[in-house]
Amino acid sequence: MRRDYFEVEMRNVDENEREPPVVTVTFDGPDGLLADRLVTADGTLDADEIDVTFRRTETDDVGVLSVSNRITGEFVLEANADVEAVRALVDAARSRADGEPRYRVRVTDADGKSTVYDKETLLVYDREGSLRRGESLIPGGVEL
């Protein structure tokens with residue numbers, strides 16, 4: 001699936017905001033293409049069945065946000081995202097971590113149907129593929 005089918009926006013990242021920060025991913029590609037990736041034989045993927053990562057690219061201002069199926073390892077989607085926006089999301093999620101979900105991912109397909117995932121982990125990688133722990137959201141007690 002092409003990255004240009006997606007638009008990514010970070011919401012609720014201001015310091016005065018009380019709601020969890022949200023990664024909104026809007027799909028504008030062929031009908032059914034994204035919906036097929038969000039379902040399994042057991043129904044729609046749950047939050048514990050997806051992983052969210054961000055990796056920097058050769059440019060300093062844009063990276064790739066990925067959502068993958070934790071069980072199969074297949075990519076659900078990849079989209080270009082602003083490095084500073086992801087950093088703001090991580091900072092906001094850290095500042096509001098109080099036992100509630102740290103952030104949410106809202107994926108909206110071409111038909112306008114949204115699926116929301118409450119997440120605690122967002123792994124950030126550099127251009128070479130090395131984990132940047134200080135820029136990632138890693139819950140306490142999790143070993144990588």
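Two strands count as paired when DSSP finds at least two bridges between them. Keep that in mind for this tour of a predicted model.

**Stop 1: strands S1 and S2**

Select residues 6-11, strand S1. Then add residues 22-27, strand S2. The two run antiparallel, and six bridges join them. For one of the pairings, pick Phe 6: its bridge partner in S2 is Phe 27.

Now show the side chains of S1. In a regular strand, side chains alternate between the two faces of the sheet. Here Phe 6, Val 8 and Met 10 make up the covered face. Glu 7, Glu 9 and Arg 11 make up the uncovered one.

**Stop 2: Glu 7**

Stay in strand S1 and centre on Glu 7. Is this residue buried or exposed? Glu 7 has 53% relative accessibility, and the cut-off for exposed is over 50%, so it counts as exposed.

Next, display what Glu 7 touches. Leaving out neighbours within four places in sequence, its contacts are Thr 24, Val 25 and Thr 26. Then draw a distance from the C-alpha of Glu 7 to the C-alpha of Asp 28. It should read 8.1 Å, for two residues that sit 21 apart along the chain.

**Stop 3: the four-stranded sheet**

Move on to the open sheet with strand order S7-S6-S5-S10. Its pairing is mixed. Colour S7 (75-82) and S10 (123-125), the edge strands. Each has a single partner strand, so one side of each is left without a neighbour in the sheet. From one strand to the next, the twist averages 20°.

Add helix H2, residues 83-95. H2 packs on this sheet and touches S5, S6 and S7. The direction of H2 makes about 105° with that of S7.

Now isolate S5 (residues 50-56) and S6 (residues 62-69). This pair runs antiparallel, joined by seven bridges. Select Asp 51 and look across to S6: Ser 68 stands opposite.

**Stop 4: Ser 66**

Stay on strand S6 and centre on Ser 66. Why does Ser 66 count as buried? Its relative accessible area is 1%, and buried means under 20%.

Which residue's side chain makes a polar contact with that of Ser 66? Select Glu 78: the contact is 3.4 Å.

Finish by showing the contacts of Ser 66, again without neighbours within four places in sequence. They are Asp 51, Val 52, Thr 53, Arg 55, Phe 75, Leu 77 and Glu 78.

Key: Residues are numbered from 1 along each chain as its sequence is written. This is a predicted model: local features need pLDDT of at least 70, side-chain atom pairs count only at pLDDT 80 or more; totals for chains, interfaces and linings use all residues. Side-chain values use heavy atoms; hydrogens and water are left out. Buried means under 20% relative accessible area, exposed over 50%, partly exposed in between (1.4 Å probe, protein chains only). Contact means heavy atoms within 4.5 Å. Axes are lines fitted to C-alpha atoms, for helices over the stretch in contact, and angles run from 0 to 180 degrees between N-to-C directions. A polar contact is a pair of N or O atoms within 3.5 Å; within protein, one must be able to donate a hydrogen and the other to accept it, and residues adjacent in sequence count only if both atoms are side-chain atoms.
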